[in-house]
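Me: I'd like to learn how to read salt bridges and contact surfaces in a protein model. Could you walk me through some cases?

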Amino acid sequence: MTAPTLRDAPATDAATQRRGKRAAAVAEAASAGWKVWLAKIVLLGIIDALAIYAVLVLIGQGQWLVPAIVVVVAVAINIVYLVPGLLPAKYLTPGLVFLFVFQIFVVLYTIYIAFTNYGSGHISTKDDAVNALMQQSQSRVENSPTFPVKVLERDGGFYFLTTDPDTGAFVIGGEDQPLAPVAGADAAGAPGFTTLDFGQILAHQDAIGELSVQLDADPNDGFLRTTDGSNAYLFTSSLTWDAAAGTMTDTTTGTVYRDTGQGAFTADDGTQLLPGWQVWVGGDNFVRAFSDQSIRGPFFTVLIWTFVFAVLSVATTFILGLFLAIVFNDPRMKSKKFYRVIMILPYAFPGFLSALVWAGMFNQDFGFINQVLLGGASVPWLQDPWLAKIAILVVNLWLGFPYMFLVCTGAIQSIPDDIQEAGRVDGASVWQIFRHIKFPLLLVSVAPLLISSFAFNFNNFNLVYMLTGGGPRFADASINVGQTDILISMVYKVAFVGANRDYGLASAFSIIIFVLVALISYFSFRQTKVLEELN
Amino acid sequence: MKVNKKSAVAIAALIAGSMLGLAGCASSDSPASDGDKPAATTSGTLTVWVDADRARALKDVAAQFQKDKGVKVDLVVKDYSKIQQDFTAQVPTGKGPDLTIGGHDWTGGFVQDGVIAPVELGDKASQFEKVAVQAVTYDGKTYGLPYAIENIAILRNTKLADATPASFDDMIAQGEKAGTKYPFLVGIDPQGADPYHLYPFQTSFGNSVFAQNADGSYDASKLTIGDASGEAFATWLRSQGDKGTKVINLNLSQDLAKEAFLAGESPYLLTGPWNVADAQAKGIDVSVDAIPSAGGETAAPFAGVQTFFLSAKSKNALAATDFLVNYIATEDVQTALYEAGGRPPALTSAYQAAQSDPIIAGFGKVGENAVPMPSIPQMGAVWDDWGKTEAAIIKGGDAVSSWQKMTSNIEAKLK
């Protein structure tokens, strides 16, 4: 970097030197400027290249929505970083992209699922369902022989070469051509046909896998299909798919199954063929959550317990945390630091691990609590509905009070001492000072944290799932839920536990939870504002 | 060299932005990236989901298949507990594997979801153990290729007892004579008992969940669990629970039961092959014995059959079937899988070779009476109520009325 000499005159005076330095800085900045531009263009080029690649690949797979989003995002990034004067957008764009990909998209997708019948038996598209039904409806004719086959090709069509098990003659058949003897055929092939080797078979395995060759002119006698390219078996199908009418017909009983808009082929008597497919069901899942007797009962019980659990969890941890904070803040208390470290210990363990350990300690026959603390008593901590609820609250108190203790300690220490002194001078008692001065001031800073703590406990899945698993179970519920299940653990069970999964219903529940938490937070935060005005 | 602040921030933002762009592309691109690529139809790659043990055992045969047929076998190691869910979720998107391992009891659900295709075993079917083929048969068709059979049996500490008697009461008497803390151990769960582990006792009363068809498959329309024999079992179960002998203890979980057995606190543990290695490592000389009958008839446990499933959307169905039927269904490979997993192979010749190990022979002998665990999707509605009711009965609830209530609950759900 040569400092440009702007003047030939000897630069002896300080002013000239300063000017020279400034000029050097300007030049340097300018030279850095084009480097920045270069870097910008290279990086944007990489992004654009990737975007174009992604769009091409996605369109190649017949997708439209995702490539459209990619295009919009890529164009937006280009505009933001190329057009001068969009400084705030330059900083916001990365965050917004993240927000969209990881938050908004997920929320929108959950909402979408809540209005569909997505779940066991309805996980894919109608085409897939038709395909699967056709695959499943074919069964091998009992005691039929194995037909060793060679796959032949002629004019782009595929044929099976095999021997007639009765006569031993070489026969050839294709898609529209039942097996028939062909003159000049031998074990290796036939004139006019190309015999495919395994590699060629694999190259066309979709077409060959779908090839079904009728045994003879009567389709009810069955057809040959190969599943490995070298052996064919005789199959019959119990279902026929009429693509024009959109119906499935059971050939053994003659029952016709139609698409009635419920996401499965349905017969007139209401029986459905599974697999079905995903369809939009509107508000059905929400209606079910509130009206289906076997879901509604447990749902409301779980809802009430969720509120009780969240409120009591926040209240108990806050009261204990605050109490300890006040005690440990007293100047007369010795070795505060030591005790504070001990107090914070439960906070240092991962919550789900603690919950598991506690679950072991609560074991009716072998747990530490019954065996050691209660001298061998057999208290059914996790099996009795009430005791299980108490156990959950106790464990959550143990897990949660250190947080409240920390928060309250900080808040108390930030309250200036002179306010208390002023109160004392005015003749207020310790309790009065706490009740009317310290506590309101404390709440100003702690209340938002209490609200977030409430929201956290409202969805405290780890604790419930690891400690009680939601049990003891309700005797009459049609879904697997129990006395200590909260909404989120119930959603998990509906969506992911057991053989009959109902993602649609689970999504509907999670939207209900979201609305509840949002409403509660909104009104609580408004209350906190009132508190702030107090200040 | 100086770069002014503004441009430094701009560069940083740009880098962040480009990474985001990358992340965005990657995430928007991934849902279908392994999917229907046109290239996959030309002798490409077979993707197989396996767990770590199976991956080691299959490495050689995968290499052999590539050498013979020019098709690469990509063994993707998955967490076994995630396979069922991931497979159901990914196959419809076209993203899933061509083949996956799994338990045969997933078959019904997979068929109902339309994610697996039948595998025609052809003449190979007769070379497998009967129970293995029965287990993978659903609705008259074979879904998947079985490779291992597992069932529970009595694990006996030979130092504490010299034989497992034929009847439950005799076994308890023997156990008490041994002077250990527990006469007999079976690990169950306080919430859901464990219908799987208690099933041999249930069958010894002649009870089953669903009626079996001639080919060994289950008829979901014929629920037999509520029969008088089921009530007899329930009554017996109550007599062994909290209000009775307390031999079956809800609070003794799988882990605690195993721990107690390893500590020599009982001569008998009802468990599967998965606990044998730990017991031997502890220096316990174990023998595998038949499960004693509680109700007079033979105690038949459930057999679980480990299976390779073929994806309904596999673009390589021919190659996959070839790999299964002509490569996996061979004695060498089945033996390698057995050595990796410690469970009796499903192929009869490999199974007989494995009988030289007395532990495997023991489980195999008990397994001769085993019935395949029902794989029909309706089973999902059964497990839950079944376990809940058994737990209530062990706790001392009324046996017959609880059992009847369970039966009517299950019937209501099956409709």
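Reply: Sure, and keep in mind that this is a predicted model. Let's begin with one arginine: R258(A) has a relative accessibility of 37%, so it counts as partly exposed.

Me: Which residue does R258(A) form a salt bridge with?

Reply: The general idea comes first. Side chains of opposite charge can pair when their charged atoms come close. In this model, R258(A) pairs with D268(A), and their closest N and O atoms are 3.3 Å apart. R258(A) sits in strand β13 (residues 256-259) of chain A, while D268(A) is in the loop between β14 (265-266) and β15 (272-273) of chain A. The two are 10 residues apart, and the pair links distant parts of the chain.

Me: Is D268(A) buried or exposed?

Reply: The cut-off for exposed is over 50% relative accessible area. D268(A) has 70%, so it is exposed.

Me: What about a salt bridge within a helix? Where do D385(B) and K388(B) lie?

Reply: They both belong to helix α15 of chain B. Because they are three residues apart there, about one helical turn separates them. Their salt bridge has its closest N and O atoms 3.8 Å apart. For burial, the cut-off is under 20% relative accessible area. D385(B) is at 1%, so it is buried, and K388(B), at 14%, is buried too.

Me: Now the other kind of pair. Which residue forms a salt bridge with D384(B)?

Reply: That partner is R473(A), with the closest N and O atoms 2.6 Å apart. D384(B) lies in helix α15 (residues 379-394) of chain B and R473(A) in the loop between α15 (461-467) and α16 of chain A, so this pair joins two chains. D384(B) is buried, at 18% relative accessible area, whereas R473(A), at 25%, counts as partly exposed.

Me: How many salt bridges are there between chain A and chain B?

Reply: There are four between these two chains. The count over all chains comes to 20. Salt bridges can also link up into a network, as R140(A), E120(B) and D123(B) do here.

Me: How do I read the whole surface where the chains meet? How many residues of chain A are in contact with chain B?

Reply: Start with who touches whom, then ask how much area is covered and what kind of atoms cover it. Here 77 residues of chain A are in contact with 69 residues of chain B. Together the two chains bury about 6,200 Å², and carbon and sulfur atoms give 59% of it. You'll also find 18 residue pairs in polar contact between chain A and chain B. Several elements of chain A each supply at least two residues to its side, including α2 (65-82), α3 (87-114) and β10 (231-237). The largest share comes from α1(A), with 13 residues. By type, chain A's side divides into 37 nonpolar, 28 polar and 12 charged residues.

Me: Does that reading work inside one chain too? Which domains is chain B divided into?

Reply: You can go through the steps again with domains in place of chains. Domain 1 of chain B covers 8-150 + 303-372, and domain 2 covers 153-302 + 375-414. Their C-alpha centres lie 31 Å apart. Across the boundary, 24 residues of domain 1 of chain B are in contact with 27 residues of domain 2 of chain B. The area buried between them is about 1,900 Å², with 67% from carbon and sulfur atoms. I359(B), F363(B) and V366(B) supply 32% of what domain 1 of chain B buries there, more than any other three residues.

Me: How many salt bridges are there between domain 1 and domain 2 of chain B?

Reply: Zero! There are three residue pairs in polar contact between these domains, though. Among the elements that give two or more residues to the domain 1 side are α4 (107-113), β14 (302-311) and α14 (358-367) of chain B. That side has nine nonpolar, 12 polar and three charged residues.

Me: One last case: where is D502(A)?

Reply: Look in the loop between α16 (487-496) and α17 (503-534) of chain A. D502(A) has a relative accessible area of 17%, so it is buried. A polar atom of its side chain lies 3.1 Å from the backbone nitrogen of L505(A). Residues that D502(A) touches include Y118(A), R288(A) and V494(A).

How values were computed:
Residues numbered from 1 in each chain as written. Chains lettered and ligands numbered in written order. Predicted model: local features only at pLDDT ≥ 70, side-chain atom pairs only at ≥ 80, totals over all residues. Heavy atoms only, no water. Domains from an automatic or database assignment. Contact = heavy atoms within 4.5 Å. Buried area = accessible area lost by both parts, 1.4 Å probe. Salt bridge = Lys/Arg side-chain N within 4 Å of Asp/Glu carboxyl O. Polar contact = N/O pair within 3.5 Å; in protein donor to acceptor, adjacent residues only side chain to side chain. Helix = DSSP H or I, 4+ residues; strand = E, 2+ residues; numbered from the N terminus. Nonpolar A, V, L, I, M, F, W, Y, C, P; charged D, E, K, R; others polar. Buried < 20%, exposed > 50% of the residue type's maximum accessible area, 1.4 Å probe, protein only. Lists of a residue's contacts leave out its neighbours within four places in sequence.
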